[in-house]
Amino acid sequence: PHYSINMTAVQVGLDFLNLPTDVFGVGDNKGTIIDSGTTLAYLPEMVYEPLVSKVCDVIEYIFWRSSVE
């Protein structure tokens, strides 16, 4: 079986990404697929790039904090 959800936002840590509200719509190369049975996630480019950027910022901050302490 599979389940459909309507994504409305993306959050990394306590921060929500600033994304257009229609980015999670379907059709016209829009839509999101997250398969909980694999490590795959298909995200629209408008979601993927800010998500990767935010995750990298968080990782960089974690490494910076650990080196200072």
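1. Read along the sequence, the protein chain of this predicted model follows the pattern β-β-β-β-α. Put as a tally, the protein chain has four strands and one helix, and the helix, α1, covers residues 45–68.

2. On confidence, the mean pLDDT of the protein chain is 81, and 83% of its residues reach 70 or more. The confidence is not even along the protein chain: strand β2 (residues 15–16) has the highest mean, at 94, whereas strand β3 (residues 33–34) has the lowest, at 68. A reader should keep that value for strand β3 in mind when looking at residues 33–34.

3. Turning to the protein chain as a whole, buried residues make up 12% of its 69 residues. The protein chain exposes about 6,100 Å², and carbon and sulfur atoms supply 57% of that area. Among the contacts with a separation of 6 or more, 40% are accounted for by residues 24 or more positions apart.

4. The largest nonpolar core has six residues, namely V10, L17, L19, V23, F24 and V47. One of these core residues, L17, touches V10, V47, P50, L51 and K54, when residues up to four places away in sequence are not counted. The list of residues that L17 touches therefore includes V10 and V47, which are also named in the core, and since a core is by definition a set of buried residues joined through side-chain atoms, L17, V10 and V47 are buried members of that set.

5. L51 lies in helix α1, and L51 touches V10, V12, L17 and L43, again leaving out residues up to four places away in sequence. The C-alpha atoms of L51 and Q11 are separated by 8.6 Å, although these two residues are 40 residues apart along the chain.

6. How does the one salt bridge found in a search of the whole structure fit into this picture, and which residues form the salt bridge? K54 forms a salt bridge with D15, and the closest N and O atoms of the pair are 2.8 Å apart. K54 lies in helix α1 and D15 in strand β2, so the pair ties together parts that are 39 residues apart in sequence. Side chains of opposite charge can pair when their charged atoms come close. Both partners are partly exposed, since K54 has a relative accessible area of 21% and D15 has one of 39%, and values between 20% and 50% count as partly exposed.

7. The surroundings of K54 can be described further. Not counting residues up to four places away in sequence, K54 touches V12, D15 and L17, so the salt-bridge partner D15 is listed there together with L17, a residue of the nonpolar core. K54 and V12 are 42 residues apart in sequence, yet 7.1 Å apart in space, C-alpha to C-alpha.8. F16 has its place in strand β2. Is F16 buried or exposed? F16 is exposed, because its relative accessible area is 55%, and exposed means over 50%. Leaving aside neighbours within four places in sequence, F16 is in contact with A9, V10 and Q11. The C-alpha atoms of F16 and L51, which are 35 residues apart along the chain, are separated by 9.7 Å.

9. A nonpolar patch on the surface is formed by V58, Y61, I62, W64 and V68, which together have about 500 Å² of accessible area. Within this patch, Y61 is found in helix α1, and Y61 is partly exposed, with a relative accessible area of 44%.

Definitions and conventions: Residues are numbered from 1 along each chain as its sequence is written. This is a predicted model: local features need pLDDT of at least 70, side-chain atom pairs count only at pLDDT 80 or more; totals for chains, interfaces and linings use all residues. Side-chain values use heavy atoms; hydrogens and water are left out. Helices (H or I, at least four residues) and strands (E, at least two) are DSSP runs, numbered from the N terminus. Buried means under 20% relative accessible area, exposed over 50%, partly exposed in between (1.4 Å probe, protein chains only). Contact means heavy atoms within 4.5 Å. Accessible areas come from the Shrake-Rupley method with a 1.4 Å probe; for residues, only the protein chains shown count as cover. pLDDT is the predictor's confidence in each residue, from 0 to 100. Patches are made of residues with over 30% relative accessible area and no salt bridge: like charges are joined within 9 Å, nonpolar side chains (Val, Leu, Ile, Met, Phe, Trp, Tyr) within 5 Å. A salt bridge is a side-chain nitrogen of Lys or Arg within 4 Å of a carboxyl oxygen of Asp or Glu. A nonpolar core is a set of buried Ala, Val, Leu, Ile, Met, Phe, Trp, Tyr and Cys residues joined through side-chain atoms within 4.5 Å.
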